[in-house]
Amino acid sequence: VPNNRRLISGSLTLVLMVASAAFGGTLQYGYNLAIMNAPTTFIQTFVNETFLERWNIQLEDYQVTLVWTIIVSIFSLGGFAGALIAGPMTIRFGRKKCLLLNNIFLMTGALLAVTSRAAKSFEMILIARVLVGINAGISMNVQPMYFGECAPKHLRGAISLSSAVFTAFGVVLGQVVGLREILGSEPCWQYLLASNAIPGLVQLLTLPWFPESPRYLLIDRGDKEACINALRRLRGCEVQSSELDEILQEQTETKGMRARQPWELFTDRSVRWQLISVMIISSAMQLCGNDSIYFYASYIFKEAGVSDDKIQYITIGTGTCEFAACILCNLLVERKGRRFMLMGGYILMTVWAVVFTIALLLEHNISWMPYISMTCIFTYILSFGLGPAGVTCILPTEIFNQTARPAAYTIAGSMMWLNLFIIGMIFPFLSELSEYCFVPFGVVCLLSALFVGLVLPETKGKSLSAITSEFNKLNFKSQDEKCASQAKKQYQLGEVSLSTAL
């Protein structure tokens, strides 16, 4: 009975740690994507009024749209900056303390957002979006790393995937809070932009009670006793020798090695295909166009023929759809594996992009086609949540060792945020392709599915050394072929020499 109590206590500690870190972490990414949709017209009016009052300039519609697009998309540039500093911060401060310090950016941004209207400064909104982006960029890198290093091997995928679950929950929460009946009205939009401070406050009050990453404590800090204590708290029982041996093995392999810098990975042949995989899959996560739906959901549904008074409620359905899919992916990932979920998600997204394009082409000829268009948006988001949304964040933890992991997350995060910025900026122009606006996204999904199927090995339940050996078949393929060719020549030469001697 005492052992069972300790196991329950350990499981509860792990669950509460995940909730605390994610509520003020990746939830912020989804939340800050979603809350910008509701106040679109109010902030555009505020920008126009500010220009008129300051400089007596009446902006044209396209100029207002340009300023609004910058306000929305600059969040991504903040995320890019956050991704760049996340690696050095985790090395210097550790995973948990990095997440706590990250709230400085969030709280400063929230303060600027809530006072921007009184100060009559849209520039304060811009700066607030940059700071909130930095917060999200750090969270998106550090949190999956923290979870992956704290979770037992058999739950590593499910625990790491909870980052995606909370991101999707953040989207739903942002959409609900952004309803006109709550904070999405004209008098309250500044409070909506600053409401992201509440999850950050929850994290500040709760996360200090949970342990640091055991791998960080042992491998980076060399504190074996602290590592064992952290594992004991997270597992609720005495530390299993097999789990500790695996961490000690990684410590031995990286002994005397300093933390790698991002640019060093580009010249290291032993991680060439790991790096290529992370860069391609992180880029595909944004280039598939899923998150642009949240940026411009109102515009998309208006084009599909939905009345203005119903759009805000239908938009909540998109976030709910991804949230449900991420939960389902969390339940399936340890059964089906990462590769299956990732490739399956992109294949389904390719199919729905094709159907969506056909529906748009026929919507003027067939009365019920707009409903097919809306259905495709939901199924596209559902397919994204089933694989790419969550599995993408797991990969750097599973395929890079402790010294390279922060640098790998920096590169992966940089690719993700840069591509989100690009998509955020060009989507209004892609929409001018009208019926063919989702064709580029479908092509990205198809190519991504092919890459995963042809290159990426399965990582489910495998140790780092086993995963590394599989990647080494690609990293040193030409060298192995050369060695095999030389061995064959030597063998043939030996046969000739032997026949001559006979």
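Begin by selecting Phe-356, Tyr-380, Phe-438 and Phe-441, which ring pairs link into a cluster; rings of Phe, Tyr and Trp (its six-membered ring) count as a pair if their centres lie within 6.5 Å, and the planes are called stacked when under 30 degrees apart, edge-to-face when over 60 and tilted for the rest. This is a predicted model, in which local features need pLDDT of at least 70 and side-chain atom pairs count only at pLDDT 80 or more, while totals for chains, interfaces and linings use all residues. Residues are numbered from 1 along each chain as its sequence is written, and side-chain values use heavy atoms, with hydrogens and water left out.

The structure holds 11 aromatic pairs. Select Tyr-146 and Phe-147 next: their ring centres are 6.2 Å apart and their planes stand at 35°, so the pair is tilted. Both Tyr-146 and Phe-147 are buried with a relative accessible area of 0%, where buried means under 20% relative accessible area, exposed over 50% and partly exposed in between (1.4 Å probe, protein chains only). Going back to the cluster, Phe-438 and Phe-441 form an edge-to-face pair, 5.1 Å centre to centre with 80° between the planes, and Phe-438 and Phe-441 are buried.

For a charge beside a ring, display Lys-336 and Phe-340: the charged end of Lys-336 sits over the ring of Phe-340, 5.9 Å from its centre (NZ of Lys or CZ of Arg must be within 6 Å of the ring centre and within 35 degrees of the ring normal).

Now turn to the largest nonpolar core, which has 65 residues, and colour Tyr-29, Leu-265, Leu-342, Tyr-346, Tyr-380, Phe-400 and Trp-417, the residues that touch the most other members. Such a core is a set of buried Ala, Val, Leu, Ile, Met, Phe, Trp, Tyr and Cys residues joined through side-chain atoms within 4.5 Å. Helix H22 (residues 405–430) gives the most to this core, with 10 residues; helices (H or I, at least four residues) are DSSP runs, numbered from the N terminus. Centre the view on Leu-342, whose contacts (heavy atoms within 4.5 Å) include Ile-281, Pro-388, Val-391 and Leu-456, leaving aside residues up to four places away in sequence. A second, separate core of 50 residues includes Val-18, Leu-100, Tyr-146 and Phe-210.

Helix H6 (residues 103–119) is the next selection, with 17 residues and a reach of 24 Å from its first C-alpha to its last, close to the 24 Å expected at 1.5 Å a residue (the expected span is 1.5 Å times one less than the number of residues). Its buried residues are Asn-103, Leu-106, Gly-109, Ala-110, Ala-113 and Ser-116, and what covers them includes helix H3 (40–55), helix H5 (95–101) and helix H7 (122–150).

Step from H6 into the loop between H6 and H7 to find Lys-120, which has a positive phi of about 55° although it is not a glycine and is partly exposed, with a relative accessible area of 45%. Most residues other than glycine have a negative phi. Asn-56, in the loop between H3 and helix H4 (61–93), likewise has a positive phi of about 55°, and at 65% relative accessibility Asn-56 counts as exposed.

Finish with the cysteines Cys-98 and Cys-150: Cys-98 is buried at 0% relative accessibility, and Cys-150 is buried at 0% as well. A search of the whole structure finds zero disulfides, a disulfide being a pair of cysteine sulfur atoms within 2.5 Å.

Notes
Helices (H or I, at least four residues) and strands (E, at least two) are DSSP runs, numbered from the N terminus.
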